[in-house]
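Visitor: Can you walk me through this one? I'd like to start with the inside and then look at the charged residues.

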Amino acid sequence: MNTISPAAESADVTTSTPAENTSPDTSAPAAAPGKATENTSEPAAAPGAQPAPSARTLLKQLQQQFPAFRDCLPLAIGIDKQLQARMPGLDRKTMRAALGIHTGSMRYLRAMEKATVRYDLDGTAGAEVTDTHRTHAKEQLQQRFKKEAERKKAEKAAAAEAEAARLRQEKLQQLASKFSRN
């Protein structure tokens with residue numbers, strides 16, 4: 001289950017508007033000069049600065065650093081804000097992607113399905129897990145199992161079709177070789 005609110009997600013939109021794309025020699029100010037400057041300065045951070053780690057790398061780091069991630073405990077609502085407070089230089093998009101990977105994992109969904117309490121970064125119990133969240137985790141697991149069963153069924157059907165095509169081709173070759181000898 002994603003712990004990021006829709007409002008937080010929409011705050012990160014980085015597409016520029018036509019007003020932001022105005023050339024610097026125009027006399028009219030851009031609609032959002034702070035936003036345009038902010039976006040252009042991100043890639044050219046301090047010289048020699050490390051690029052943001054990938055989401056999977058960040059997730060491994062979080063698992064090593066925090067018991068709630070390591071033990072795959074149900075995370076407290078707003079865990080992203082706790083992470084930002086503890087790791088101020090953390091890239092929000094990378095953090096959200098790492099949280100999405102973690103909370104979408106089978107292990108996490110299984111833990112959520114049976115959980116009664118949520119935990120903060122240190123593994124301290126907090127708020128209760130609602131029935132709605134448990135039901136959501138259960139539904140997500142059922143959908144995954146159903147998708148996996150459908151995928152396996154399709155693979156099996158494709159393999160059977162390929163084998164049937166191979167056998168047909170083999171028979172045709174046998175017939176062709178039988179009639180070409182005469």
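Guide: What follows goes through the core, one helix and some salt bridges of this predicted model.

Visitor: Okay, the core. Which residues touch the most other members of the largest nonpolar core?

Guide: Phe-69 and Leu-83 do, in a core of 25 residues. Two or more residues each come from helices H3 (55-65), H4 (67-70), H5 (79-86), H6 (92-103), H7 (106-114) and H8 (131-180).

Visitor: Which helix gives the most?

Guide: H3, with 4 residues.

Visitor: Back to Phe-69. What does it touch?

Guide: Leaving out residues up to four places away in sequence, Phe-69 touches Leu-59, Leu-62, Gln-63, Leu-75, Leu-83, Leu-99, His-102 and Leu-121.

Visitor: Leu-83 again. Which residues of H5 are buried?

Guide: Ile-79, Asp-80 and Leu-83 are the buried ones in H5. They lie on the same side of H5, because they cover an arc of only 105 degrees around the axis.

Visitor: What covers them, and what is on the face turned away?

Guide: The cover over the buried residues of H5 includes H3, H4, H6 and strand S1 (117-119). On the face turned away, Lys-81 and Ala-85 are exposed.

Visitor: New topic. How many salt bridges are there in the whole structure?

Guide: A search finds 7. One of them pairs Asp-122 with Arg-86, and the closest N and O atoms are 2.7 Å apart.

Visitor: Where in the chain are those two?

Guide: Asp-122 is in the loop between S1 and strand S2 (125-128), while Arg-86 is in helix H5. They are 36 residues apart, so the pair links distant parts of the chain.

Visitor: Is Asp-122 buried or exposed?

Guide: Neither: Asp-122 counts as partly exposed because its relative accessibility is 42%. Arg-86 is also partly exposed, at 43%.

Visitor: What about salt bridges within H8?

Guide: Arg-134 pairs with Asp-131, with the closest N and O atoms 2.3 Å apart. These two are 3 residues apart in helix H8, so about one helical turn separates them. Glu-170 and Arg-166 form another salt bridge, at 3.0 Å between the closest N and O atoms. They are 4 residues apart in helix H8, which again means about one helical turn.

Visitor: Why does that spacing matter?

Guide: An α-helix has 3.6 residues a turn, so residues three or four places apart point the same way.

Visitor: Last one: how many aromatic pairs?

Guide: The search of the whole structure finds 0. There is a charge over a ring, though: Lys-178 lies over the face of Phe-179, at 5.9 Å from the ring centre.

Definitions and conventions: Residues numbered from 1 in each chain as written. Predicted model: local features only at pLDDT ≥ 70, side-chain atom pairs only at ≥ 80, totals over all residues. Heavy atoms only, no water. Core = buried A, V, L, I, M, F, W, Y, C linked by side-chain atoms within 4.5 Å. Buried < 20%, exposed > 50% of the residue type's maximum accessible area, 1.4 Å probe, protein only. Contact = heavy atoms within 4.5 Å. Arc of directions from axis to C-beta. Phe/Tyr/Trp six-rings, centres within 6.5 Å; stacked < 30°, edge-to-face > 60°. Lys NZ or Arg CZ within 6 Å of the ring centre and 35° of its normal. Salt bridge = Lys/Arg side-chain N within 4 Å of Asp/Glu carboxyl O.
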